[in-house]
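Student: I should like to work through this structure step by step, beginning with its strands. May we proceed by question and answer?

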Amino acid sequence: MATIKMRNLGLVYLNGHVGLDGIELDVRDGEFLALLGPSGSGKTTLLRTIAGFLRPSAGSLSIDGKDIAGEGMWVPPEKRGLGMVFQDHAIWPHLSVAGNVGYPLKLSGIPRAHLARRVAEVLEQVGLAEYAKRKPAALSGGQRQRVALARAIVASPKALLLDEALSALDEPLRARLRLELRALTREQGLTAVHVTHDRAEALGLADRVVVLNEGRIQQVGTPAELLENPANSFVASFVSDATLFPGTLVDGNFHADHPGARFNKHMEVHRNPGIKFVGVPQTAVSRSRRAVAAVAPTGLRLEPVENRGIGTTAGRAPLARVTSALYGRHGYETSVDWAGTALRVLVSGWVPTEGQLVRPVIESAHVFCEEAGAAEGRAA
Ligand SMILES: Nc1ncnc2c1ncn2[C@@H]1O[C@H](COP(=O)(O)OP(=O)(O)OP(=O)(O)O)[C@@H](O)[C@H]1O
């Protein structure tokens, strides 16, 4: 159990690359926090900074109120009391399962009887009690990852740091280990920070998710908060797969540059009850400014159109053509080409077919004013 606080944490790599910039984050006691972001967004950099493998260039880091990194202050990784699990499990092939799991305790010099008892207890918790004497070579990938997890928790760490710990595993094993991991951290009240680039995993597992891009926090929130109230167009696009429509905001109405996308309140007010404006200063709504609308796959519907050809719809918004439709749990994950914009739509109730003509009708969107108001939106 631990709280981890980061204040204005920054890290610049030796080659001048900014790995982390102005990270303000509180990991709460006993929570499961996911760090989510595209490749190169700084997830691993942040985790390794918490672990103590990287030294921040600015700001401070504390665990349970005790400073562990900051100006003139540095606590090495082995003194931070944290457990770590990596993607490639990194267990020693020459040691048995019990030897691997007990290794951290052996280093700390605890009595043998205590060590054996604790190893047996942890192996039981991760479902490997019968495998204590086996060598890692005689284990499956999932079992090896359980060994790594057992080794990370054997010394009762204050918090567990997981770096793509499940990413090397195939479904459905991965899904099973996800549940086991969540149950284990919950039972033990363990604070966990889990790095993943897998949105479904982050949203499904975590109490809260931190979305990172280019070393900066874009938003911290529960999975529902991120989906329902994304702080900016990056979060909407990355977390919900929203399609982004650049445009102009005038008098509180959004005019998309796209010839078909209608967000104008006068025309669409009844159809668009879901449009939310984010980060638009109330004092300056009449000033024309550039903005971007994010439309999630669930924020629009497709109306099938008889195949009369796009030319016959003069005066109306251009039609779109289905480019792919993949069956998924919640409906058909459909992509359409709408006058050059690739639009993602979740279709249920009918089966879209490739090449079919459709009319997209936008029903809800988030409009972000990201020039001046972005900071306000992000802070929300
Ligand atoms: N040792 C290093 N020296 C210079 N730049 C580095 C170093 N390690 C990482 N970076 C850069 O820092 C940025 C963040 O890297 P990081 O590994 O934290 O990203 P990530 O979000 O974990 O990505 P991935 O999902 O691909 O693992 C990247 O642009 C990366 O190229």
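Tutor: We may, bearing in mind that the model is predicted. Strand β1, residues 4-12, and β2 pair in the antiparallel sense over six bridges.

Student: Which residue of β2 is the bridge partner of V12?

Tutor: V12 belongs to β1, which covers residues 4-12. Since the pairing of β1 with β2 is antiparallel, the partner is to be sought among residues 18-27 of β2. The bridge partner of V12 is V18.

Student: What is the order of the strands in the open sheet of five?

Tutor: The pairing in this sheet is antiparallel. Its edge strands, each pairing on one side only, are β2 (18-27) and β6 (73-74). Read across, the order is β2-β1-β4-β5-β6.

Student: At what angle to β2 does α1 run?

Tutor: Helix α1 comprises residues 43-51. This helix lies across β1, β2 and β4 (58-63). With respect to β2, α1 runs at about 65°.

Student: Which helix gives the most to the shell around the ligand?

Tutor: The ligand is surrounded by 13 residues, and the closest are Y13, S39, K43, T44 and T45. One helix, spanning residues 43-51, contributes three residues to this shell. The helix that gives the most is α1.

Student: How many residues of that shell are polar?

Tutor: The shell holds 13 residues. One of them is nonpolar and one is charged. The number of polar residues is 11.

Student: Turning to residues 320-328, how many bridges link β17 with β18?

Tutor: Strand β17 covers residues 320-328 and β18 covers residues 331-338. A hairpin of two residues joins β17 to β18. The two strands pair in the antiparallel sense, and the number of bridges is eight.

Student: Which residue in β20 is the bridge partner of R321?

Tutor: R321 stands opposite D337 in β18. Strand β17 also pairs with β20, residues 357-362, in the antiparallel sense over two bridges. In β20, the bridge partner of R321 is L357.

Student: For the protein chain as a whole, what percentage of the contacts with a separation of 6 or more comes from residues 24 or more positions apart?

Tutor: The chain has 10 helices and 21 strands. Of its 380 residues, 40% count as buried. Among contacts with a separation of 6 or more, the part due to residues 24 or more positions apart is 68%.

Conventions
Residues numbered from 1 in each chain as written. Predicted model: local features only at pLDDT ≥ 70, side-chain atom pairs only at ≥ 80, totals over all residues. Pairing = 2+ DSSP bridges. Helix = DSSP H or I, 4+ residues; strand = E, 2+ residues; numbered from the N terminus. Near = placed C-beta within 6 Å. Nonpolar A, V, L, I, M, F, W, Y, C, P; charged D, E, K, R; others polar. Buried ≥ 20, exposed ≤ 12 C-beta atoms within 10 Å, placed from the backbone. Contact = placed C-beta atoms within 7 Å. Axes fitted to C-alpha atoms, helices over the stretch in contact; angles between N-to-C directions.
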